[in-house]
Amino acid sequence: MIKGGNPRKRPPPPSSHQPSPASKHQATTPTPPPPSTEEDFVDEDVFFDETLMGEEDVESLILRDFEERQALASRLSKWARPLLSDAHISQSRSIALPSSLAAVLVFQQLEIDYVIGESHKGLLPDSSGQAAIIRIFGVTGEGHSVCCLVHGFEPYFYISRPPGMGPDDISHFHQTLEGRMKEMNRNSKVPKFVRRIELVHKRSIMYYQQQKSQPFLKIVVALPTMVATCRGILDRGIQIDGLGMKSFITYESNVLFALRFMIDCNIVGGNWIEIPAGKYKKTAKNMSYCQLEFDCLYSDLISHAPEGEFSKMAPFRILSFDIECAGRKGHFPEPSHDPVIQVANLVTLQGEEQPFIRNVMTLKSCSPIVGVDVMSFDTEKEVLLAWREFIREVDPDIIIGYNICKFDLPYLIERAQTLGIAEFPILGRIRNSRFLVELRVTFLVYILVIDAGLFYRQYGTRESKEVTVEGRVQFDLLQAMQRDYKLSSYSLNSVSAHFLSEQKEDVHHSIISDLQNGNAETRRRLAVYCLKGGNARGIGEWILLWASNPSLVEVYLLSEDAYLPQRLLDKLMYVYNYVEMARVTGVPISFLLSRGQSIKVLSQLLRKSKQKNLVIPNVKQAGSEQGTFEGATVLEAKAGFYEKPIATLDFASLYPSIMMAYNLCYCTLVTPEDVRKLNLPPECVNRTPSGETFVKPELQKGILPEILEELLSARKRAKADLKEAKDPLEKAVLDGRQLALKVSANSVYGFTGATVGQLPCLEISSSVTSYGRQMIEHTKKLVEDKFTVLGGYEHNAEVIYGDTDSVMVQFGVSDVEAAMNLGREAAEHISGTFTKVRLLL
DNA sequence: CGCAACCCCTAT
DNA sequence: TTAGATAGGGGTTGCG
């Protein structure tokens, strides 16, 4: 195992960064390392900190510590992943075997990214030079880790073809563009920047158009970063024969490369991918620590929709860990001073209730703990290295903890740097690729307006550290809590009390004897309850324990800290919910953890557009003057003490329903100019209360309404299935799915109103709110007009409050039952008047 | 004391 | 390099 992780080979200094220290190292190694495939892979985003490298250190350290490491390795090896079966092994060794013997490979992916490397000569005989290589990390149904290197997928974007540009002109244009690209990247080794320009027929998603399609140019470039360079050139303008200087609006030039790949291959976040037998090759030299690593062509991938048997989850390995540092009195621990004294680890297989690994690594000796592997070391360096080996051996797919992203991981990395442990920070799945601590400085701009027109700008800075662990998902429960729940305190204690407290109440003392007198299963429940109670020692007991053995106490506390995040993850069904959200919206799971809402809508919009042959423009974020629009109506609250029951009428999914009912979309919006020009018959269009015109579905079905319909009908299905489901795991998946679908539907409106977003369209968002205001007013009026004494009811109904999609009504009756019935009657009556709006529940 | 501007928070 | 929206309440501050 240790051998597999042998870091003897010096990682390649990337050509872009990298000053001199390399030469110093080279003096100690006269023979430069032979070129290898490893060296061809250079992660664009990763920089190597040469000062940490010290090859000498690594070499001697390995020799010196070899025996100790062997002992550690044998201790850790029991936690390795399941061994590869014969089929896998024969495949992995079998360049000689006929390809028919090779097995089909099926795995669930969790993470997709890309690196720049040398074009694969075997798979792509016609290309050469550098190319983007997609990396898909995942797990097979048997629990084997997979790293799949996908070749042949090229970055591209579109522009509209200028009128009258023929094939010769396109070829000239290609040459001009190539020339401009060369000027921009003088020292790049790429033989050709713009690989080719294809004439395609597409239509812009913006505005209702009568033509079916128009000519576009698909510009294919060599590397993903060149999309932005090329867009810049075209934005600013380029000389075109016969047309002079011309600037272009680009289309889909802001799609992240990994997402582009997923969209074009129909891959959604967290789904299962199959590679047919014989269509993949074992990599010549492993660049990762995954059990199965191979190269393949993007066109050979089979993506399975997450349905039926492919809705299942692979047995991911989830590591929950927590570190303890010895901070000086009164100071928060700093990695430059304070040592890491303990690391507690817990590893659970997805879908299983109990962890199969519980261990703790301590500095100095520690008494044994029942059910916990205690590993003690004399030096801090050994603790850190043991942990690194542990990570490599266990090979977790998901790493969780509480505040790990902002504390534990950066602390470990910086601590290793302080101690000069060069080989520590390889925590990811890529060999010889170092961790990356990214120091991000955010500039916050405050604009103070003093007097008319006088602006002062004040820049504030904020720093944040981020550690990338390639190929593994980092799921920080603190961040998840802050994102998903509104709590008064986010300390692990209070969050646990909030979400896990019921479990303590789970077994009430009054039924203990019932449990004891039940069957083996009820007694097991009782036993579990007692075990948990056994952990909850009184403070006095802790003090006694501490007096007898201080380190024992800490370890008890420590393993709780690693355990609680795992329990939170289970309790809140985070794995199911996030995987489902990734599947529904199509983005990788890491996007859900580190990016905003809008990427999810964009992903769906791009997928749908692709089906319809539409392309999405990159609208420039023009100037500071962005329009704003009127929001929802809030009915004046009538303050008072209401003794009689109040009925609340809610519109289900109001904004999505409005968008569907009135066919509001980018592609159904008619420009004011076209309203005059096209002379559309009035029965074919809707004019919104805010004065915009949208065509009805007969002329053009909107994409947004279609996305919403699919989301909401899928939600309906999920809720129906949820009712039927018996198996708790299946229930969890379905509940996660219906929640994801609801959240996704609601964020579509926000996307259109996001003035600093990817594709804002205030015509849509202001139309949505204008319809919403109309409906609230209408509802209030209807209720107050119908439910009156004159109308034959006992009392006059009174609307006491309303906001956006809800109206609160006092019907005047004093018993709840009657109020409920009146509320139901009102709801039916009102819904009847909105025949056009399909209110989906 | 009223008023406007601003911050911070919550509702939907 | 990053990003859903607006409405509205309550509190503080500075000014006249």
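**Exercise 1. The protein beside DNA strand C**

How far is a phosphate oxygen of DNA strand C from a polar backbone atom of Gly596? Work out which residues surround this strand and through which atoms they approach it.

*Solution.* The model is a predicted one, and in it a polar backbone atom of Gly596 lies 3.3 Å from a phosphate oxygen of DNA strand C. As a next step, look at the wider surroundings: 18 residues surround DNA strand C, and the closest are Gly596, Thr628, Phe629, Gly631 and Gly753. Of the atoms of DNA strand C that come within 4 Å of the protein, 73% belong to sugar and phosphate. Two more contacts can then be followed residue by residue. Thr628 uses its side chain, from which a polar atom lies 3.3 Å from a phosphate oxygen of DNA strand C, while Gly631 uses a backbone N or O atom, placed 2.7 Å from a sugar or linking oxygen of that strand. Finally, turning from residues to elements, helix α23, made of residues 728-753, gives the most to the surface near DNA strand C, with 3 residues.

**Exercise 2. The protein beside DNA strand B**

List the residues around DNA strand B, and state which part of Asp803 and which part of Asp805 come close to a sugar or linking oxygen.

*Solution.* The residues around DNA strand B are Lys486, Asp803, Thr804 and Asp805. For Asp803 the atom concerned is a backbone N or O, which lies 3.3 Å from a sugar or linking oxygen of DNA strand B. For Asp805 it is an N or O atom of the side chain, at 2.2 Å from a sugar or linking oxygen of DNA strand B.

**Exercise 3. Two open sheets and helix α24**

Give the strand order of the open sheet that contains β23, and explain why β23 and β24 each have one side without a neighbour in the sheet.

*Solution.* The sheet has 4 strands in the order β23-β28-β29-β24, and their pairing is antiparallel. Because β23 (634-635) and β24 (646-650) stand at the edges, each has a single partner strand, and one side of each is left without a neighbour in the sheet. The partner of β23 can be traced in detail: β23 pairs with strand β28 (residues 798-803) in the antiparallel sense over 2 bridges, and Leu635 stands opposite Gly802 in β28.

Now apply the procedure to the open sheet of 3 strands, whose order is β25-β27-β26, again with antiparallel pairing. Here β25 (669-670) and β26 (685-687) stand at the edges, each with a single partner strand, so one side of each lacks a neighbour in the sheet. Strand β25 is joined to β27 (residues 693-695) by 2 bridges and runs antiparallel to it, with Leu669 opposite Phe694 in β27.

As a last step, place helix α24 (residues 762-786), which lies across β23, β24, β28 and β29 and runs at about 15° to β29 (806-810). Helix α24 also lies across β25, β26 and β27, running at about 95° to β27.

**Exercise 4. Two enclosed strands**

Explain why strands β14 and β6 are described as largely enclosed, and identify the strands that pair with them.

*Solution.* Begin with β14 (residues 317-325): 8 of its 9 residues are buried, so β14 is largely enclosed by the rest of the structure. On pairing, β14 and β15 (residues 340-349) run antiparallel over 9 bridges, and Ile323 stands opposite Val343 in β15. With β18 (residues 398-401) the strand β14 runs parallel, joined by 3 bridges, and there Leu319 stands opposite Ile399.

For β6 (residues 214-221), 6 of the 8 residues are buried, so this strand too is largely enclosed by the rest of the structure. Strand β4 (residues 156-160) is joined to β6 by 5 bridges in the antiparallel sense, with Val220 as the bridge partner of Tyr156. Strand β5 (residues 194-204) pairs with β6 over 8 bridges, also antiparallel, and Ile197 stands opposite Ile219 in β6.

**Exercise 5. The cysteines**

Count the disulfides, and explain why Cys265 forms no bond to Cys296.

*Solution.* Taking a disulfide as a pair of cysteine sulfur atoms within 2.5 Å, the count comes to 0. The closest cysteine sulfur to that of Cys265 is in Cys296, and because it is 9.5 Å away, it is too far for a bond. Cys761 is likewise in no disulfide, as the nearest cysteine sulfur, that of Cys665, is 8.4 Å away. To finish, consider burial: Cys265 counts as buried at 15% relative accessibility, and Cys761 counts as buried at 1%.

Notes: Residues are numbered from 1 along each chain as its sequence is written. Chains are lettered from A and ligands numbered from 1 in the order in which they are written. This is a predicted model: local features need pLDDT of at least 70, side-chain atom pairs count only at pLDDT 80 or more; totals for chains, interfaces and linings use all residues. Side-chain values use heavy atoms; hydrogens and water are left out. Buried means under 20% relative accessible area, exposed over 50%, partly exposed in between (1.4 Å probe, protein chains only). Two strands pair if DSSP finds at least two bridges between them. Contact means heavy atoms within 4.5 Å. Axes are lines fitted to C-alpha atoms, for helices over the stretch in contact, and angles run from 0 to 180 degrees between N-to-C directions. A residue is near a molecule or strand if one of its heavy atoms lies within 4 Å of it. A polar contact is a pair of N or O atoms within 3.5 Å; within protein, one must be able to donate a hydrogen and the other to accept it, and residues adjacent in sequence count only if both atoms are side-chain atoms.
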